Amino acid sequence: LIERFVPPELTRSMARRVAGYTASVLLLGALGALARWGPLHDRAPLHFLSQAMSTFEGAAFAAPTALALYLLATLLAAPIVVFAVAAIVLFGPLSGGVYAFVGALLSAAVTYGIGRALGRDAVRRLAGMGLNDISRRLPATRQIPAATVRAIAALRLLPVASYSLVNAVAGASRIDLRDFLLGTALGIIPGIVLMAFYVDRLRAAISDPGWGAFALLGMATALLLGTALRIWRRFGQPLE
């Protein structure tokens, strides 16, 4: 399926993108966990950050503020992986995973609407050649909703381009909003689950170190690396 929607020039950089995304999750998760629960908790300036995180976590405005920041990050085309990991570290694997999921869907819907309002010509001027190619291919699925959902889910599973730009391209391509959101949901769930599992195992290993905790942390890390390797092997080579 992905061969139909992702042009070769984007797959050629897939290895670099996958490696960067995976390294970001591993590094940000480790730093966040060490600052939240580990020995860095009492070290300045992380002590101040940790106190701020603890205060924010219990505040009534925490959830809407987190979602607003998520949306702002998407509008600014910032890497949303930073905010996804931060939400999981701050609110825990379950609540944080839900916030990351809702925030990703909310920001996807907003930037989809912006792309739809701007129109294809304006979005094509903002997007690169590869995304322009995707914008020409996606409308072919509009008559088959299941194909649209699969195409969007595949694009979400791969770090093809900026999250915001993919949203705008989908909107400008007049993809049905329901199909777009369903495909987005299916595509982002695996990544959020892996992030949440990894951060949770980091928390357990820091809070109650032991062979079992470290074994599960190793399993979570291996799952992240294994998934990244599988994606690279499948999509990281130029298409013939």
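Is aspartate 200 buried or exposed, and what is its relative accessible area? Aspartate 200 is buried, at a relative accessible area of 16%. The five views below come from a predicted model.

**View 1. Arginine 203 and aspartate 200 form a salt bridge within helix H12.** The closest N and O atoms of this pair are 3.1 Å apart. Both residues belong to H12, and because they are three residues apart, about one helical turn separates them. Their accessibilities fall on either side of the 20% cut-off for burial. Arginine 203 has 28% relative accessibility, so arginine 203 counts as partly exposed. Aspartate 200 has a relative accessible area of 16%, so aspartate 200 counts as buried. Side chains of opposite charge can pair when their charged atoms come close.

**View 2. Shared partners join Asp176, Arg178 and Asp179 into one salt-bridge network.** Arginine 178 meets aspartate 176 at 3.9 Å, N to O. Arginine 178 also meets aspartate 179, here at 3.6 Å, N to O. A salt bridge needs a nitrogen-to-oxygen distance within 4 Å, so the 3.9 Å contact qualifies. Arginine 178 is exposed, with 60% relative accessibility. Aspartate 176 is partly exposed at 37%. Aspartate 179 is buried, its relative accessible area being 6%. By the rule used here, the model holds four salt bridges.

**View 3. Helix H6 is mostly covered.** H6 spans residues 80-91, a run of 12 residues. From its first C-alpha to its last, H6 reaches 16 Å. That is close to the 16 Å expected at 1.5 Å a residue. Nine of the 12 residues in H6 are buried. Ile80 and Val81 are among them, at the start of the helix range. Ala84, Val85, Ala87 and Ile88 are buried too. Val89, Leu90 and Phe91 complete the buried set. Glycine 92 follows H6. The phi of glycine 92 is positive, near 95°.

**View 4. Two aromatic pairs are counted, and phenylalanine 91 with tyrosine 99 is one of them.** The two rings of this pair sit edge-to-face. Their centres are 4.7 Å apart, and the angle between their planes is 80°. Planes over 60 degrees apart count as edge-to-face, so the 80° angle places the pair in that class. Phenylalanine 91 is buried, with 13% relative accessibility. Tyrosine 99 is partly exposed, with 24% relative accessibility.

**View 5. Tyrosine 112 and phenylalanine 180 stack between helices H7 and H12.** The ring centres of this pair are 4.9 Å apart, with 25° between the planes. Planes under 30 degrees apart count as stacked, so the 25° angle fits that class. Tyrosine 112 lies in H7, residues 93-118. Phenylalanine 180 lies in H12, residues 177-207. The two residues are 68 residues apart, and their pair links distant parts of the chain. Both tyrosine 112 and phenylalanine 180 are buried. The axes of H7 and H12 are 9 Å apart, and the helices pack at an angle of about 150°. Angles over 145 degrees count as roughly antiparallel, so H7 is roughly antiparallel to H12. The crossing of H7 past H12 is right-handed.

Note on methods. Residues numbered from 1 in each chain as written. Predicted model: local features only at pLDDT ≥ 70, side-chain atom pairs only at ≥ 80, totals over all residues. Heavy atoms only, no water. Phe/Tyr/Trp six-rings, centres within 6.5 Å; stacked < 30°, edge-to-face > 60°. Buried < 20%, exposed > 50% of the residue type's maximum accessible area, 1.4 Å probe, protein only. Helix = DSSP H or I, 4+ residues; strand = E, 2+ residues; numbered from the N terminus. Expected span 1.5 Å × (residues − 1). Salt bridge = Lys/Arg side-chain N within 4 Å of Asp/Glu carboxyl O. Axes fitted to C-alpha atoms, helices over the stretch in contact; angles between N-to-C directions. Parallel < 35°, antiparallel > 145°, perpendicular 65-115°, else oblique. Left-handed = near helix turned anticlockwise from the far one by under 90°.
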